[in-house]
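Below is a short report on the fold of one protein chain. Keep the sequence and the model in view while reading.

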Amino acid sequence: MAFKTRQSLRKAFRDKRLSLSTEQQTIAAQGLVKQYQQNALFQGAQNVALYLSFNGEINTRPLIDYLWSMKRNVFVPILHPFCKGHLLFQEVTHDTKMRENHFGILEPTLDVQRVCPVEKLNVIFTPLVAFDLTGNRLGMGGGFYDRTLAGLKSSEQKHQPIVVGLAHELQKSAALPTEIWDIGLPYILTSNKLYSFS
């Protein structure tokens with residue numbers, strides 16, 4: 001039953017996202033950059049992991065362009081070639097060649113010299129379908145980010161990346177059903193504000 005509920009919620013929130021006009025998406029993407037610029041949480045972050053927007057997700061391209069303009073290193077997720085269900089984060093630049101993975105999402109061709117270990121990233125921005133007022137994140141159901149970030153929870157490393165969900169304001173829910181493997185987020189950033197749950 002919980003699985004069906006989560007599936008129906010995914011569809012409802014994806015439909016909401018997809019209903020946004022091009023103009024609304026543009027305004028949201030610009031707002032996201034402003035929020036990033038204004039929040040002290042991100043000051044000094046040199047290695048930033050973002051994702052390439054897909055299926056109505058808030059457009060990350062203006063934020064990527066801003067980070068490049070500030071000489072920051074931008075990393076995007078790629079499907080791990082050996083560890084099924086996990087992600088690697090690889091640096092991208094203006095001229096990185098992209099290809100579609102089997103989900104239809106753009107990613108660079110694997111270049112191990114450009115891969116950054118997760119614990120060396122300063123900020124990891126994660127996609128989500130919905131979030132609630134306690135920081136629970138409803139993802140697409142593949143568990144890629146949950147598996148990839150689970151290692152951070154058990155790590156003894158002092159310097160851990162800040163993990164932040166990115167979303168449109170309309171992806172907010174009062175409460176979401178959760179499973180034991182779900183990893184809640186300490187922060188969610190929208191075009192309007194930074195939500196803190198830590």
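Which residue stands opposite Phe131 in strand 11? The residue opposite Phe131 is Lys172. The model is a predicted one.

**Overall form**

The protein chain holds four helices and 13 strands. The radius of gyration is 16 Å, close to the 16 Å that the globule rule gives for 198 residues, so the chain is as compact as a globular protein of that length. Along the principal axes, the C-alpha trace spans about 45 × 35 × 35 Å. Of the 198 residues, 43% count as buried. The accessible surface comes to about 10600 Å². Carbon and sulfur atoms account for 54% of that surface. Contacts reach far along the sequence: among those between residues at least 6 apart, 68% join residues at least 24 apart.

**The eight-stranded sheet**

Eight strands build an open sheet with mixed pairing. Their order is 6-3-2-1-7-10-12-13. Strand 6 (115-116) and strand 13 (194-196) stand at the edges. Each has a single partner strand, so one side of each is left without a neighbour in the sheet.

Strand 2 (residues 73-79) pairs with strand 3 (residues 87-92). The two run antiparallel and are joined by six bridges. Strand 1 also bridges to strand 2, but here the strands run parallel, and three bridges join them. Strand 2 is mostly covered, with six of its seven residues buried.

The table lists residues that stand opposite each other in this sheet.

| Residue | Opposite residue | Strand of the opposite residue |
|---|---|---|
| Leu79 | Leu87 | strand 3 |
| Pro77 | Phe89 | strand 3 |
| Val48 | Val74 | strand 2 |

In a regular strand the side chains alternate between the two faces of the sheet.

**Helices across the sheet**

Two helices lie across these strands. Helix 2 (residues 22-38) lies across strand 1 (47-49), strand 7 (123-126), strand 10 (162-166), strand 12 (187-189) and strand 13. Its direction makes an angle of about 135° with strand 12. Helix 3 (residues 61-69) lies across strands 1, 2, 3 and 7. Helix 3 runs at about 135° to strand 2.

What handedness does the β-α-β unit of strand 1, helix 3 and strand 2 have? The unit is right-handed.

**Two loop residues in that unit**

Both loops of this stretch hold a residue with positive phi. Asn55 sits in the loop between strand 1 and helix 3. Its phi is near 60°, a positive value in a residue other than glycine. Lys71 lies in the loop between helix 3 and strand 2. Phi of Lys71 is likewise near 60°, and Lys71 is not a glycine either.

Is Lys71 buried or exposed? Lys71 has 67% relative accessibility, so it counts as exposed. Asn55 has 30% relative accessibility and therefore counts as partly exposed.

**The three-stranded sheet**

A further open sheet has three strands, in the order 9-8-11. Its pairing is mixed. Strand 9 (137-138) and strand 11 (172-173) are the edge strands, and each pairs on one side only. Strand 8 (residues 130-132) and strand 11 pair in the parallel sense over two bridges. The opening pair belongs here: Phe131 stands opposite Lys172 in strand 11.

Methods:
Residues are numbered from 1 along each chain as its sequence is written. This is a predicted model: local features need pLDDT of at least 70, side-chain atom pairs count only at pLDDT 80 or more; totals for chains, interfaces and linings use all residues. Side-chain values use heavy atoms; hydrogens and water are left out. Two strands pair if DSSP finds at least two bridges between them. Contact means heavy atoms within 4.5 Å. Axes are lines fitted to C-alpha atoms, for helices over the stretch in contact, and angles run from 0 to 180 degrees between N-to-C directions. The radius of gyration is taken over C-alpha atoms; the globule rule is 2.2 Å times the number of residues to the power 0.38. Buried means under 20% relative accessible area, exposed over 50%, partly exposed in between (1.4 Å probe, protein chains only). Accessible areas come from the Shrake-Rupley method with a 1.4 Å probe; for residues, only the protein chains shown count as cover. A crossover is right-handed if, with the strands pointing away from the viewer, the path from the first strand over the helix to the second runs clockwise.
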